[in-house]
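Got your viewer ready? Load the model, switch to cartoon view, and follow along.

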Amino acid sequence: MEGVDDIKGGGSKFRRICVFCGSSQGKKTSYHDAAIDLGKELVSRNIDLVYGGGSIGLMGLVSQAVHNGGRHVMGVIPKTLMPREITGETVGEVKAVADMHQRKAEMAKHSDAFIALPGGYGTLEELLEVITWAQLGIHDKPVGLLNVDGYYDALLSFIDQAVEEGFIPTSARHIIVSAPTAKELVKKLEEYVPSHEGVASKLSWEMEQQLGYSQQYDVSR
């Protein structure tokens, strides 16, 4: 994390943010624009990017914007997906991993916060897993939805219903931060303070990990 002086100087308390997004661009130009705006916002705050490693769709747009702005880009991608999600020239560092599980663990390990742009099944799966990890106490990193043109309204409504029906604790609803623009969202993530209680302490997860798992899967701070 950066110091207070860095934040005052136009920086951020985050060094790296993980962005989940689609390998497609979607039908609206607003999704395309939002990916580029997010990349530029990260650059303006001196934040590096961690993402899924693809060079197509919204992944390609946000990574190119961050790279063009002079910030470091780390793409994490399973070897089997490289022919499908990488076309043409990639930017920044590409870290090839064995499978999807390692991809998510590596992305989380190297990030201080998470943002989801519009995307499909893969984006939702990655997003919901880091939310679940936060609820369980595995990490306390902020999770944000860039809700472009209300793309995630239906998901947020579903989550509110799950709270109302007793499947999600009210305190855990606050794990998810959302905003319609990149500038607003990053500001909210900067201000985020966890208000839920994890199932187990972060220290307990870390100790279990040291006993039974490789350190490469450490996703906590």
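Here is a short tour, from the whole chain down to a pair of glycines.

A quick word first: this is a predicted model, so local features need pLDDT of at least 70 and side-chain atom pairs count only at pLDDT 80 or more, while totals for chains, interfaces and linings use all residues. Residues are numbered from 1 along each chain as its sequence is written, and side-chain values use heavy atoms, leaving out hydrogens and water.

**Stop 1: everything.** Color by secondary structure and you have ten helices and seven strands, taken from DSSP runs (helices are H or I, at least four residues; strands are E, at least two). Of the 221 residues, 48% count as buried, meaning under 20% relative accessible area with a 1.4 Å probe.

**Stop 2: two helices.** Select residues 29-44 (α2) and 57-68 (α3): their axes come within 8 Å and cross at roughly 30°. That makes α2 roughly parallel to α3, a label for angles under 35 degrees. Now show side chains where they are in contact (heavy atoms within 4.5 Å). On α2, pick residues including Y31, I36 and L42; on α3, the set includes L58, V62 and V66. What mix of residues makes up this contact? Eleven are nonpolar, two polar and one charged. Here Ala, Val, Leu, Ile, Met, Phe, Trp, Tyr, Cys and Pro count as nonpolar, Asp, Glu, Lys and Arg as charged, and the others, Gly among them, as polar.

**Stop 3: a glycine in a loop.** Select G53, in the loop between β2 (48-51) and α3. Is G53 buried or exposed? Its relative accessibility is 1%, so G53 counts as buried. Finally, add G75: G53 and G75 are 22 residues apart in sequence, but their C-alpha atoms are 3.5 Å apart in space.

Definitions and conventions:
Buried < 20%, exposed > 50% of the residue type's maximum accessible area, 1.4 Å probe, protein only. Axes fitted to C-alpha atoms, helices over the stretch in contact; angles between N-to-C directions. Parallel < 35°, antiparallel > 145°, perpendicular 65-115°, else oblique.
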